[in-house]
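Please open the model in a viewer and keep the sequence panel visible beside it. The tour below proposes one selection after another and describes what is found at each stop.

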Amino acid sequence: MTTIRRFCCDDLLRFASVNLDHLTETFNMSFYMTYLARWPDYFHTAVNPGDRVMGYIMGKVEGQGESWHGHVTAVSVASEFRRQKLAKTLMHLLEEISDKMDKAYFVDLFVRASNMPAIRMYEKLGYVVYRRVLRYYSGEEDGLDMRKALSQDVDKKSIIPLKRPITPDELEYD
Amino acid sequence: MASKFGLAGGIPERRVRPIWDAVDSRQYKSALKLCTALLAKHPTSPYALALKALTLERMGKPDEALSVCLEAKELLYSNNIFHFDDLTLSTLQIVFQRLERLDLATSCYEYACTKYPNNLELMMGLFNCYVREYSYVKQQQTALRMYKTVGEERFLLWAVCSIQLQAYFSSGGEKLLAFAEALLKKHISSHSLHEPEALSLYVSILEQQAKYDAALEVLSGDLGSLMGREEDKLRLQGRLLTQACNYVAASEIYQKVLESCPDDWESFLHYLGCLLERDVKLPKPTTGEHTCSSCSVDSNKTSLSEEVESRLASALLFVQKLQKNDSSDSVRGPHLANIEIERQHRLSGNSTKFMEALVNYFHRFGHLSCSSSDVEIYLHMLSGDEITELLDTISRSFDASSVSVKALGLTITTFKVQELLGTLLSKSTTDLQRIAKGMVETFYKNLPLSRDLDPQESMHGEELLSMASNILVQLFWRTRNLGYLLEAVLVLEFGLTVRKHVWQYKITLVHLYSYLGALPLAHRWYVSLEVKNILLESVSHHILPQMLSSHCLQQTASLVKDYLRFMDDHLKESADLTCLAYRHRTYSKVIEFVQFKNRLQRSMQYLAVKSDSVILSLKQKSESLEEVESVLENVNHGGGLVDLSSEDNMKHLTFNEDLEARPWWTPTTSVNFLSEPIDESSTPACFRAKVCKHKSTEKDGPKMRDAERKCLVPRLVYLSMHGCVSSLRETEPNGSVSDITVGEMKTLLEKYARTIGYSMDDALSMILGISSGKKSMKDFAPDIVSWMSFAVFINAMNLWSNESVIPRTDPSSPSSWEIVDSLVKICIEEHLTDANRILTCPGNKIPLLVQMVTEPISWHLIIIQSCMRVVAPQGKKKKKSGPSLRPNMPQLQGIQRSVQCLIETLRSVQKWLSDQMSPEEQGLDILMSYLQGTGDEGPGQTFRVLEEKPAAHASELGDRIAQSLEAWSSTGVVRRIVGAEHEVLAEFKKMVDSKLKLLMSESASLSSVLH
């Protein structure tokens, strides 16, 4: 019903129905293409039987030692295809790649502190709020750094929440 | 850039770092100061010069930057004492690239590599230069040299990639694939391969040569373990086996894929295709292929052979097993597969269970908002009776009166099925009114379901308002009653009042407002979509065509500018991203990036907007010859655009617009059903086929010819200006060497005529016929504006040419000036005759009038101004050479008559516009009166639902929704429409006023010359 495959450049011309959503950012070309060039396994799209783009996930893998982790940069589903767990499927795929292929310790993501529907969804998928990043979004809104431990992190050390919030310049990665 | 520190050309890092810091923080002045100080100490350091050039370029001084770069290059070439380092070269490269002189950067690296033949860093720099220039052969040679020098796997693969690029993009490149294969084999035998992407590249090289068995052998060997995910490997094996015609093995492999990914629809189709040994690729809903017989019951086909029957039976068993394995409702693939298997039966005449499969699907998933589009392709295969049966069955399966998410979902699905199939077309007007009203009521009734949703989340039932609005537009199309169109707008505006983020409503409103003549409102909604970056290429079509034919020159210019900047910038940086893909060894993306760059470069919209942008500047500046000249000078006098319209270029254009979200009544930019009368007899199937045909034939449509024609306009304006100057300067030496000839103009006008579908001779007799009243204006439709411009350019060419371009039968035949005059008069007046208020007659009348004034009339005015500049120069009245500007009396009289005619015509436009502009309250009353019918017939029923419901049930909706509804006012929406239409008329009138002012002053100068 859903074909999930690597995202390719041509999809950029077909994802309008996903990206016209007001919460989905349309990045500049070098942003997308850098992800494609560096982390092609972390950028997937789901298409329906009529070959329309239903949604996509983009992410990367980075860090050192025990902070080697997968990161979800964006996950978005067109409104017509919501409420059928497609985001979950896409998230699982990225987690599996981080876990099995890249042997990462955890997967993390940032979400607007006000975006309750998204936070609830990530919690359902097993993510916990690891720390709060003050004024992460355009210097205004706080972001929540949410994490899910992978099999490498046997003791789930990576997701023990930090006691205090941090500022964006304390972040290890962009 | 901050990382580019080090000891360069003997300069210590501490002296260099502040310069980079200053550049990075855009402190260019202080950067330049530091550079000057550095150069004082190291006057012959190429690196210091490169830094200075970099700073100058950033300061916007490209010429100085280039000369400093060249100085640095000279030093590098001439002097042996300097150590060649990549830092200097890469800094120079950055500047050269920004100056669009890739060739110079390449030659620096080439020189350096000859001098230091084994320096890997320099060779990598050179390789990147070739990537930026798309020189695949040289890329290949350089990569092989690197491979020979250090023997690293990645360099070999860079070379193989370069070979593959040649195979894709240059003729004869295929032969090289065997060479690439041999290189890889040799390397693998001694070193094996170590990267998944390397393996994929190797397999694709074999696949490209149709060596499927060899590829399969590689995959099943040790190297196969490089593939990261088992499913990916299996899919690849399946594809190769299919290509090798080993269907049994392929279907087994796909079966394995489906066992781990049961929802993978593509793999299921491959599986079934291999099992049946035939292509089961489904037609796409948008191509219209589904109306072809292959999808419907074909009685000629013999019944399924037993063999096929048994294979289908085994497929069914397999699919049923998959269904059992997953009891959740999130995996729909195996259930859809069931329908496909029954379709296969039906294809051979055995159709008993096809309907049953569809019904089962809807029973299980009908509440999901995508269920109808999941099975869209299958719905189109149903007969009329079957459709009725299906709808009845779904409707019976739930209680439509209950308020629940599931019942709402099913209600929406039944409507969607009807919308997809076009069955609503055959309903009566009364039924349609009832349905539209019912949809809005259902939306309203179910609003409480969304009361606890986050404001960011889409609400339940949002599609209902889109569908209701679609039906109302259809009612308008059928009855021409404006009230329905207003209701269509109101429904969507209401929806946006409930939740302001529904982009689907916004896009439909963009089109509705454009059609209603309220372009400012269309533009406002479009802007709220925040379309940017790549969406500019796929989504701009919703607004751009309307804006281009409007009075909003400034806002259009900014849309055009944003779009061109995006495209230009991307095409410039694209190769850098290809370099990045090489560096990160993502070979599959190297090929993809190059293909994508080609696709964007050949974009039809990009080509069209390039000429639109010049034409737009000409429109904006048309009242000042100096500014027109400078616009033209900046674009090589329009020559570049003419080159772009070459046959070869036009043949390879790509269409990247995402047409999916366009309303049903305007499936492409060049089609608007509302402008055509409805064909009552057309069946839903005919209509659907028509929509699909428009979408699939976009490429051959009028849009291509429009684009081709637009490419010619700037050059024609330039030649016209040039031509009338030469014609009036009688004393100009005849032998003056000028490469601009009337012959060129003739060739361009012949091409121009061809884009309207005429030969030059036929086009000439056409304009003669119409201007003399012998032919009807109707023959000009729909290219009326192009025809007028054609006549204007013909006049200019006639002035220039020694022999008359227009066949003149006798001396009393009209001059070319008179032809233009009467054409302009006839065409414009035709559009002013209708005394109805424009407010109540939506359509393209205003855009057409605006285009006539801003295009042909502007071009004609430019020609008149050019003539006048010769005979009555402004400013310095000193006549240096006296008689050289002696006026040509017959021409001058022609000009004078033309000016007079334009004045009269524009005055009539002016008057018409003034008559059309009425006080806002009056306009509001007129429009509201369309909505206030009280009976059960005619528009107004949906409107009343919107008026009455919100107030009545505020308490059930929750605070948030109730609050947002407080802002709702139908009158407010209608008032804004009236205001926007008024704004359009007023702005257009300003334009006409200004043209008239110019004409009056030309008329005065003419009188003084003539008397």
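The model is predicted. The tour begins with a single residue: select B:His637, which has 19 other C-beta atoms within 10 Å and is therefore partly exposed. A residue is called buried only from 20 such atoms upward and exposed at 12 or fewer, so B:His637 falls in between. This residue sits in the loop that links α33 (625–634) with α34 (639–644) of chain B. Its phi is positive, about 55°, although B:His637 is not a glycine.

Next, select B:Cys245, in the loop between α13 (230–243) and α14 (247–260) of chain B. Here too phi is positive in a residue other than glycine, with a value near 65°. Is B:Cys245 buried or exposed? Within 10 Å there are 10 other C-beta atoms, so B:Cys245 is exposed.

The third stop is a pair, B:Ala781 and B:Pro782. The peptide bond that joins them is cis, with omega at about -5°. To place B:Pro782, display α39 (760–771) and α40 (784–800) of chain B; the residue is found in the loop between these two helices.

Now move to a residue inside a helix. Select α23 (residues 429–445) of chain B and find B:Thr442 within it. B:Thr442 counts as buried because 21 C-beta neighbours lie inside 10 Å. Which residues does B:Thr442 contact, once its neighbours within four places in sequence are left aside? They are B:Thr411, B:Gly461 and B:Leu464. Add B:Ser401 to the selection: B:Ser401 and B:Thr442 are 41 residues apart in sequence, and their C-alpha atoms are 9.0 Å apart in space.

Zoom out to the whole of chain B. It has 48 helices and zero strands. Its C-alpha atoms fill a box of roughly 100 × 95 × 60 Å along the principal axes. Of its 1011 residues, 45% count as buried.

Show chain A beside it and select the residues where the two chains touch. Chain B gives 48 residues to this contact and chain A gives 42. On the chain B side, the elements that provide two or more residues include α15 (265–276), α17 (333–347), α30 (553–583) and α31. That side of chain B divides into 17 nonpolar, 15 polar and 16 charged residues.

Stay with one of these elements, α31 of chain B, residues 587–601. With 1.5 Å for each residue, its 15 residues should span 21 Å, and the end C-alpha atoms are 22 Å apart, which agrees. Among the buried residues of α31(B) are B:Tyr587, B:Phe593, B:Phe596 and B:Leu600.

Finally, select chain A alone. It contains five helices and seven strands. From the N terminus on, their order is β-α-α-α-β-β-β-α-β-α-β-β. A compact globule of 174 residues would have a radius of gyration near 16 Å; chain A has 16 Å, so the two agree. In chain A, 47% of the 174 residues count as buried. Of the contacts in chain A with a separation of 6 or more, 63% join residues 24 or more positions apart.

As a last selection, take residues 2–151 of chain A. An unreviewed UniProt entry places the feature "domain: N-acetyltransferase" there. The span is 29% helix and 36% strand, and its end C-alpha atoms lie 27 Å apart.

How values were computed. Residues numbered from 1 in each chain as written. Chains lettered and ligands numbered in written order. Predicted model: local features only at pLDDT ≥ 70, side-chain atom pairs only at ≥ 80, totals over all residues. UniProt positions renumbered as here; feature names shortened; annotations may be inferred. Helix = DSSP H or I, 4+ residues; strand = E, 2+ residues; numbered from the N terminus. Expected span 1.5 Å × (residues − 1). Rg over C-alpha atoms; globule rule 2.2 N^0.38 Å. Contact = placed C-beta atoms within 7 Å. Nonpolar A, V, L, I, M, F, W, Y, C, P; charged D, E, K, R; others polar.
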